[in-house]
Amino acid sequence: MIATRPKKSGAGAGAVGPPRGGDVAGGPRGAGPGSARAPRARPRWVRPVVLACLMMTVTSGCGLGAELDRERDPERTAAPLPSAVGTDASGPLRIEPPEPLTSVAVPSPSGFVPDLQGGGCPRSGLRLGTGPVDAAMGLRAMTLVLTNCGKRPYAVDGYPDVVGVLGPEGAPITGVRGVAGTDKVPMAPEDPGPSSFTLRPGESARAGLYWRMAAEEGTYLRVAPRKGQGVVTLALPDPLDIGPENTLGTTAWTPVS
């Protein structure tokens with residue numbers, strides 16, 4: 001049997017303990033065996049290197065967006081987009097001025113309204129006019145007015161001469177005829193008959209115009225003070241709801257008292 005030497009107890013024993021000076025596994029001096037290990041300090045060169053890498057990534061276009069573009073279009077077939085500074089692949093980006101606005105021509109009416117009476121006193125010294133339309137049970141009535149706007153007296157005898165009715169474009173409504181008297185217009189009042197009188201400057205005469213209602217609207221009336229005188233075209237304040245093959249009957253001129 002081999003005799004062994006008993007271990008000595010106490011400070012002088014050969015027990016293994018922490019190194020003197022309190023160093024535990026390279027920890028800071030003064031830390032005990034049970035204390036947490038402190039984090040190691042980063043080398044001072046790390047931050048400059050990270051910043052340099054970021055700068056290289058931005059300037060070289062190697063970011064996430066560029067990487068996605070490469071995945072979508074590995075052959076680089078898409079046309080380059082203009083950059084934010086106003087240039088493209090061929091050179092500086094030019095912004096062309098907008099085209100000048102041009103006015104749109106509004107087409108004029110295709111028809112022509114002949115002898116349209118304007119304002120003022122005509123050369124004949126006689127001015128014609130109309131009143132509003134009265135309606136009752138399919139019968140229509142309108143007043144015609146003749147005014148002596150000249151400087152000489154005018155002798156009146158007979159009926160106005162209604163030549164025809166024009167539509168909005170100046171085209172005549174076919175078949176419309178004017179007659180002296182009212183016996184050709186059903187339900188029209190009786191014509192008192194013609195009488196002779198003189199219109200002094202500033203005086204007026206009137207006559208009745210009667211017709212039966214129809215579907216087509218007349219916009220202009222062509223009329224003369226009497227048969228054989230100059231015909232003028234009047235723009236009507238109310239349309240004549242007349243139609244083809246219709247008859248316009250008139251009463252004789254009577255002085256306006």
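Helices and strands here are DSSP runs, with at least four residues for a helix and at least two for a strand. Counted that way, the chain in this predicted model has 2 helices and 13 strands. Its 257 residues include a buried share of 26%. The accessible surface adds up to about 18,700 Å², and carbon and sulfur atoms hold 58% of that. Looking at contacts with a separation of 6 or more, 72% of them link residues 24 or more positions apart.

Now to the pairing of strands. Strands of a sheet pair through backbone hydrogen bonds, either parallel or antiparallel. One open sheet runs in the order S6-S10-S11, 3 strands with antiparallel pairing. S6 and S11 sit at its edges with a single partner strand each, so one side of each has no neighbour in the sheet. On average, and with direction ignored, neighbouring strands of this sheet are turned by 35 degrees against each other. Within it, S10 and S11 are joined by 7 bridges in the antiparallel sense, and Val223 is found opposite Val232 of S11.

Elsewhere, S3 and S4 make a hairpin with 2 residues between them, and Met137 in the turn shows a positive phi of about 50 degrees. This antiparallel pair is held over 9 bridges, and Gly129 has Val145 in S4 as its bridge partner.

What about the interior? In soluble globular proteins, nonpolar side chains tend to be buried together. The largest nonpolar core in this chain has 25 residues, and those touching the most other members are Val165, Leu209, Leu221, Leu240, Ile242, Leu248 and Trp253. Several strands give two or more residues to this core, including S3 (126–136), S4 (139–148), S9 (204–212), S10 (216–224) and S11 (232–242). Another core, of 5 residues, lies apart from it and has Leu139, Ala141, Val185 and Tyr210 among its members. Leu209, from the largest core, is in contact with Arg140, Ala141, Met142, Leu144, Val162, Leu221, Leu248, Gly249 and Thr250, leaving aside neighbours within four places in sequence.

One loop residue also deserves a look. Thr251 belongs to the loop between strand S12 (247–250) and strand S13 (254–255). Its relative accessibility is 10%, so Thr251 counts as buried, the cut-off being under 20%. Not counting residues up to four places away in sequence, Thr251 touches Tyr159, Pro160, Thr182, Asp191, Pro192, Ala207, Gly208 and Tyr210. With Gly208 there is a polar link too: a polar atom of the Thr251 side chain lies 2.6 Å from the backbone nitrogen of Gly208.

Technical notes:
Residues numbered from 1 in each chain as written. Predicted model: local features only at pLDDT ≥ 70, side-chain atom pairs only at ≥ 80, totals over all residues. Heavy atoms only, no water. Core = buried A, V, L, I, M, F, W, Y, C linked by side-chain atoms within 4.5 Å. Buried < 20%, exposed > 50% of the residue type's maximum accessible area, 1.4 Å probe, protein only. Contact = heavy atoms within 4.5 Å. Pairing = 2+ DSSP bridges. Areas by Shrake-Rupley, 256 points an atom, 1.4 Å probe, with all protein chains shown as cover. Polar contact = N/O pair within 3.5 Å; in protein donor to acceptor, adjacent residues only side chain to side chain. Axes fitted to C-alpha atoms, helices over the stretch in contact; angles between N-to-C directions.
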